[in-house]
Every structure is written in structure tokens, then in C-alpha cells.
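Good morning, colleagues. Please bring up the sequence and the structure on the screen, and I shall take you through them.

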Amino acid sequence: MNRLSLSLAGALIAACLAGPAIAQHGAPVESDASNAAIEAAKQKAAEAGGEYETTIWDNVFTQAQADAGKALYIANCQQCHGPTGRGGPGGPAVTGVVLNKKWADTTVLDFFTFAHAAMPPSKPGGIGTEHDYVNIVSYILQMHGAEPGETELVYDEETLGNIYIVRKPKK
């Protein structure tokens, strides 16, 4: 390695250590804007009293949607978020503790809006239609442990905005 290569390698390492976490495709894993939006949604939920009529645990998607979402997730998301949604070498988890903490008391609309506007980072919104993104969200919810039901989850702001992401209720 010559001196220039060593200097560039050192600068790259320093930039990575000093800056935000960077996914393999070059997009920040976290952003102040997305964190602010999540906090605003949590504040709105807190003002509503924290009691929700519908949550992700109320069978809000169908198995057919989760199956369609799985194919899209494998093709477009798995390389960064991992095969179980618990994170990978290039991206954070989208299930488990991250969904429980980061997205707690926000709506499926908030989660959908973030995914549609920011994913994949190389081409936000480029996976397909709103229906495709709803199917991916359905699959992510299933990986998280939510059970499918008989009612299809549809892209409708009012519907998605009335389904809350909460920890699994204890029985």
C-alpha cells in the first residue's frame, strides 16, 4: 500500500468513527429527522391517553399479505435488515427490541411512511406501490410475532393511523 492509499484508508476510518452509522448502501442508519418524527408521534399518542382500540396484535393483516411481503422483503430488505428482521451487516433491526422501543406507541402509518419515504436508501419508495409496502410491513409484523387475520391491511391513512405499535400484551 502506498502513502496515498494509507492516507485515504485512515481518512475513511476516521470519518466512519466520527460520523453517523452508515449502511452498506451509503445512507445513514439513523437520522435526526426520522427520530424527531418518531418522538412527535409518541407525543401525540401520549396526549391521546395511551389507550388504543387497535394494535398490531389484533390480526390486522392477512397471511396472503405477509406471504407477498416476504418475497418483497427477501428481494429488497433482507440484505440489510437480516433474514429475521433482527438486523444485518448493513442495517438495523426492524423487529424485536427495535420495533418495541423505537416505534412504541406510534402508528403503523408512521412506520409505513418512514419505510416508504426512506427505503431502500438507494432508491426511496422504489420497491413498488403503496400496497407493496403495506405487504412488507405485514411481513415485518409477522416476523415480530403478530398473527395474521381475515382482514386485509390496506393503504389508507385513517386505517393505518389507527393501528398502534405496542409491546405484545401479557395474557
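Helix 7 is followed by glycine 145, and the phi of that glycine is positive, near 120°. I should say at once that this is a predicted model, and every value I quote is computed from it.

Let us stay with helix 7 itself. It covers residues 130-144, and at 1.5 Å a residue its 15 residues should span 21 Å; the C-alpha atoms at its ends are 21 Å apart, so expectation and model agree. How many of its 15 residues are buried? Eleven are, so helix 7 is largely enclosed by the rest of the structure. Among those buried residues are Tyr133, Val134, Ile136, Val137, Ile140, Leu141 and Met143, together with Asn135, Ser138 and His144. What covers them includes helix 3 (63-76), helix 5 (97-102), helix 6 (108-118) and helix 8 (157-161).

One residue of helix 7 deserves a closer look. Asparagine 135 lies in this helix and is buried, with a relative accessible area of 5%. Which residues does asparagine 135 touch, leaving aside those up to four places away in sequence? They are Gln65, Ala68 and Gly69. As a general point, an α-helix has 3.6 residues a turn, so residues three or four places apart point the same way.

Moving along the chain, valine 154 sits in the loop between helix 7 and helix 8. Valine 154 is partly exposed, with a relative accessible area of 37%. Not counting residues up to four places away in sequence, valine 154 touches Val134 and Leu160. The C-alpha atoms of valine 154 and glutamate 130 are separated by 8.8 Å, although these two residues are 24 apart along the chain.

I turn now to the chain as a whole. Its secondary structure comes to eight helices and three strands, and from the N terminus the elements run α-α-β-α-α-α-β-α-α-α-β. The chain has 171 residues, of which 37% are buried. Of the contacts with a separation of 6 or more, 68% are between residues 24 or more positions apart. The accessible surface comes to about 9,800 Å², and carbon and sulfur atoms account for 56% of that area.

The three strands form an open sheet with the order 1-3-2 and mixed pairing. Its edge strands are strand 1 (54-55) and strand 2 (106-107), each of which pairs on one side only. Strand 2 and strand 3, the latter comprising residues 163-165, run antiparallel and are joined by two bridges. Threonine 107 has tyrosine 164 in strand 3 as its bridge partner. For those less familiar with sheets, strands pair through backbone hydrogen bonds, either parallel or antiparallel.

Finally, the cysteines. How many disulfides does the structure hold? The count is zero. Why is cysteine 77 not bonded to cysteine 80? The sulfur of cysteine 77 is 8.6 Å from that of cysteine 80, its closest cysteine sulfur, and this is too far for a bond. Cysteine 80 is likewise in no disulfide. Cysteine 77 is buried, with a relative accessible area of 10%, and cysteine 80 is buried too, at 5%.

That concludes my presentation, and I thank you for your attention.

Terms used:
Residues numbered from 1 in each chain as written. Predicted model: local features only at pLDDT ≥ 70, side-chain atom pairs only at ≥ 80, totals over all residues. Heavy atoms only, no water. Pairing = 2+ DSSP bridges. Helix = DSSP H or I, 4+ residues; strand = E, 2+ residues; numbered from the N terminus. Buried < 20%, exposed > 50% of the residue type's maximum accessible area, 1.4 Å probe, protein only. Contact = heavy atoms within 4.5 Å. Areas by Shrake-Rupley, 256 points an atom, 1.4 Å probe, with all protein chains shown as cover. Disulfide = S-S within 2.5 Å. Expected span 1.5 Å × (residues − 1).
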